[in-house]
Amino acid sequence: NAPGCNSRSVAEYVLSSLFVLSDKMQFHLEQKSLGIIGFGNVGSTIYRFTTQLGMKCFIYDPPRQENDNSIEQNLDVSHLSDYLEELESKIDDNTN
């Protein structure tokens, strides 16, 4: 078991996906915000990469915040479950 051994690779994949998306949709990443759910090895690496690009990042990781007061949890997820249900409904409609 090697926790975090692939975190940089995963973060680089996420970052490259963001670059492709920004190119296809014609926007600049520094004008966008990113919500990161989970601030462990991968989430913190993604945070470091994207903030260096000028993106605003919002973090949500209640268990980590309980143990580490230095992490400012600033992502409001109160509407996330409604959004995910709506998204799931749209996916179901498109696959039928």
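**A tour of the chain, starting at Asp93**

Select Asp93 to begin: its relative accessibility is 55%, so this residue counts as exposed. Here buried means under 20% relative accessible area, exposed means over 50%, and partly exposed lies in between, with a 1.4 Å probe and only protein chains considered. What you are viewing is a predicted model, in which local features need pLDDT of at least 70 and side-chain atom pairs count only at pLDDT 80 or more, while totals for chains, interfaces and linings use all residues. Residues are numbered from 1 along each chain as its sequence is written, and side-chain values use heavy atoms, with hydrogens and water left out.

**The whole chain**

Now zoom out and show the protein chain as a cartoon, where four helices and two strands appear, running α-β-α-β-α-α from the N terminus on. Helices (H or I, at least four residues) and strands (E, at least two) are DSSP runs, numbered from the N terminus. The C-alpha trace spans about 45 × 30 × 30 Å along its principal axes, and of the 96 residues, 21% count as buried.

**Helix H4 and its two patches**

Return to Asp93, which lies in helix H4, made of residues 80–95, and add Asp82, Glu85, Glu88 and Asp92 to the selection, because together with Asp93 these residues gather in a patch of negative charge on the surface, where Asp and Glu count as negative, Lys and Arg count as positive, and His and the chain ends are not counted. Patches are made of residues with over 30% relative accessible area and no salt bridge, with like charges joined within 9 Å and nonpolar side chains (Val, Leu, Ile, Met, Phe, Trp, Tyr) joined within 5 Å. The place of a charge is taken as NZ of Lys, CZ of Arg, CG of Asp or CD of Glu.

Next, select Ile37, Leu80, Tyr83, Leu84, Leu87 and Ile91, which form a nonpolar surface patch with about 550 Å² of accessible area together; such areas come from the Shrake-Rupley method with a 1.4 Å probe, and for residues only the protein chains shown count as cover. Which helix gives the largest share of this nonpolar patch? That share, five residues, comes from H4. Leu87, placed in helix H4, is partly exposed, with a relative accessible area of 34%.

**The loop before H4**

Move to Glu72, in the loop between helix H3 (62–67) and H4, where this residue is exposed at 58% relative accessible area. Its C-alpha atom is separated by 7.3 Å from that of Ile59, although the two residues are 13 residues apart along the chain.

**Two cysteines**

Select Cys57 in strand S2, residues 56–60, and then Cys5. Which of the two is buried, and which is exposed? Cys57 is buried, with a relative accessible area of 7%, whereas Cys5 is exposed at 55%. A disulfide is a pair of cysteine sulfur atoms within 2.5 Å, and a search of the whole structure finds zero of them.

**The salt bridge in H1**

Finish at Arg8 and Glu12, whose side chains meet in a salt bridge, at 3.0 Å from N to O; the term means a side-chain nitrogen of Lys or Arg within 4 Å of a carboxyl oxygen of Asp or Glu. Side chains of opposite charge can pair when their charged atoms come close. Because they are four residues apart in helix H1 (residues 7–25), Glu12 and Arg8 are separated by about one helical turn. Both are partly exposed, Glu12 at 38% and Arg8 at 48%, and a search of the whole structure finds one salt bridge.
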